[in-house]
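I opened my notebook to record what I could look up in one protein chain, going from the whole fold to its parts.

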Amino acid sequence: MNEDSMIIEDIVVILIKRWKMIILITLIVTIFSGVLSFFIILPKYEVSTKVFIGKENNPIKVQDQIYNGNDVEMYQKLLKTYAELAQTSDLVEKAVDLDRLGLKSQDILNNLKVTPRTDTQILEIKYTSEDKVVAKNILDSIIHEFIKSSTEIIPNGNVKIVQSVKIPDNPVSPNKIMNIVIAFFLGLMISIGLSFLLEFIDNTFKNKGEMEEMLKLPVLGVIPNFKSIKKGDKYGGI
């Protein structure tokens, strides 16, 4: 089929011709994704906490300039320093009994996310694990050690938990419905693309119209398909 001459009718014919393959591939990919999402991929839970980074325990009195705008700006800039401190292997090794959990510090750091909230003095710390109770315990231990270490490094800093760690009810991954929807459309696109590919690499003529269009010559005769004559027919029997 000439790509330049393809029209809507040609596309419809191709899709109808290979509709069984399209449905089969789409179903296989969708079912495979469903099996992975529901039975193979283990769910992961995310626990989080928020920590306030500020000046040492002094009352906020703007009129006395005890805690002024310069202090706020300074501690906002220090958030990155605190964030780096929370993501050190030494801190993790002090905070968590790695041998008991069968983990390495790098395993925990790979699932630990520390994010300074823009234009605030809040540091958000998240940890992801397949066991939500273990995740909570690990993050609690890291926060405890983080507050202790940060106080030693920056003595005039005040690190305070403003949102405690709670055990989550639902996993954050996998998103089963989303995975199935994506797999459905992916399987549909793959099967349709394969249909057109098979059609383009098929260089045989399907009817005399295609031959006349390609050769620009009229067809003088057509040889019938004798395989369609069943045994016992008028012209094909014994």
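Before looking at any helix, I noted that the expected span of a helix is 1.5 Å times one less than its number of residues. I also noted that what I have here is a predicted model.

**Entry 1, a long helix.** I took helix H8, which covers residues 176-201, and found that its 26 residues reach 37 Å from the first C-alpha to the last, close to the 38 Å expected at 1.5 Å a residue. I then looked up which residues of H8 are buried, and these are Ala183, Gly187, Ser191, Ser195, Phe196 and Glu199. The buried residues of H8 pack against two helices, H1 (8-17) and H2 (19-40).

**Entry 2, the sheet.** I found an open sheet made by four strands in the order S2-S3-S1-S4, with antiparallel pairing. Strand S2 (112-116) and strand S4 (157-163) stand at the edges and have a single partner strand each, so one side of each lacks a neighbour in the sheet. From one strand to the next, the twist averages 25°. I checked the pairing of strand S1 (residues 45-55) with S4, which run antiparallel and are joined by six bridges; Lys55, for example, has Gly157 in S4 as its bridge partner. Helix H7 (residues 132-153) lies across S1, S2, strand S3 (122-129) and S4, and runs at about 15° to S1.

**Entry 3, the whole chain.** I looked up the totals last: the protein chain has nine helices and four strands, and buried residues make up 26% of its 238 residues. Its accessible surface comes to about 16500 Å², of which 59% belongs to carbon and sulfur atoms.

Methods
Residues numbered from 1 in each chain as written. Predicted model: local features only at pLDDT ≥ 70, side-chain atom pairs only at ≥ 80, totals over all residues. Heavy atoms only, no water. Buried < 20%, exposed > 50% of the residue type's maximum accessible area, 1.4 Å probe, protein only. Areas by Shrake-Rupley, 256 points an atom, 1.4 Å probe, with all protein chains shown as cover. Contact = heavy atoms within 4.5 Å. Pairing = 2+ DSSP bridges. Axes fitted to C-alpha atoms, helices over the stretch in contact; angles between N-to-C directions.
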